[in-house]
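Hello,

Here is the structure I said I would pass on. Please open it first and keep it beside you while you read the notes under it.

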Amino acid sequence: MAEKDENYAFPWGFHLGDLHKGNETIPLYTLSSDGGFCLLYDHASEAKADKLLESLCLELLSTMPHESLKVDLFDFGRKKFYNLSPLQYVQLYRTAYDTKMMSALFEELEETVISRHKELLCCNRPTINEHNQKSKLKKMYHLVLINLENFPTEELELRRIKNFVESAVQAGVYIIAFGNQKIEENESQTIQTILEHFKKLRVTEGEFDITKEIFEFVELLEDHDFKSLDLDKGSLMQKTLTNADIEGLINPENIKLEENTKVK
């Protein structure tokens, strides 16, 4: 097994796909320091958008140090990410699929963000990324996937949503909201708050609209073809499971409660 990267740094960008020109391939990333993005698609493009999201999650989980990242999904209805499901058993992936579960998971993530701002972040450590470079006690990152069509907006106050999306990234919580493009017509203030806060990646009729907001060097698209991320998800899932210490996870003696980590 490869030696773990003890820096626990979240990658500088989200890998969305690759630019192709002849035999040349250039990976296309969008900055993660923005805190995330919104992925909006039409009906014909939903499956392609799902492949991108699942590939992106599995690539992060398989390349980042084990237990440095957890994926949290807010979504009702049919299961979207089959290759992520086995990772629930190694505590790297969890889903909230009804209103009660969603409210409980949001409260947990909200408390994580608030407590990290109060107890860990300061002038010398303005983000969890920087905290993890300086502290021996590393903090886990969260990648939060939100299906905007199902998110329980009526149960959550606008103020809480606004505070959450504005302060999440400093606390090591990244957000990818997704949904059909029709969601932009939704009059819910909480939905609009999320849509307005994050940059948008749109895919229509299977074609991704790569704007300067998403990728700084858009001029490369003039003579390169963009192919969205669609990796070997089974292989990435197996790699993630291999990196997991499964025996340690089920050994009661190795279960540790987090201690007070307030910065003095």
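The notes below cover one helix and then two loop residues. Keep in mind that this is a predicted model.

Helix 2

Helix 2 runs over residues 99-119, which makes 21 residues. At 1.5 Å a residue, those 21 residues should span 30 Å, and the end C-alpha atoms are 30 Å apart, so the two values agree. Just before the helix sits Asp98, which caps the N-terminal end of helix 2. One of its side-chain oxygens lies 3.2 Å from the backbone nitrogen of Lys100.

The buried residues of helix 2 include Met102, Leu105, Phe106, Leu109 and Val113. Polar and charged names also appear in that buried set, among them Ser103, Glu110, Thr112 and Arg116. What do the buried residues of helix 2 pack against? Their partners are four strands, namely strand 4 (69-74), strand 5 (93-96), strand 6 (141-147) and strand 7 (173-180), together with helix 3 (128-134) and helix 4 (158-167).

Two residues with positive phi

Most residues other than glycine have a negative phi. Glu67 is not a glycine, yet its phi is positive, at about 70 degrees. You will find Glu67 in the loop between helix 1 (46-63) and strand 4. Glu67 counts as partly exposed because its relative accessibility is 41%, and the range for that class lies between 20% and 50%.

Glu205 also has a positive phi, near 50 degrees. Glu205 lies in the loop between strand 8 (200-204) and strand 9 (207-209). Its relative accessible area is 61%, so Glu205 is exposed, the cut-off being over 50%.

Regards

Note on methods: Residues are numbered from 1 along each chain as its sequence is written. This is a predicted model: local features need pLDDT of at least 70, side-chain atom pairs count only at pLDDT 80 or more; totals for chains, interfaces and linings use all residues. Side-chain values use heavy atoms; hydrogens and water are left out. The expected span of a helix is 1.5 Å times one less than its number of residues. Buried means under 20% relative accessible area, exposed over 50%, partly exposed in between (1.4 Å probe, protein chains only). Contact means heavy atoms within 4.5 Å. A polar contact is a pair of N or O atoms within 3.5 Å; within protein, one must be able to donate a hydrogen and the other to accept it, and residues adjacent in sequence count only if both atoms are side-chain atoms.
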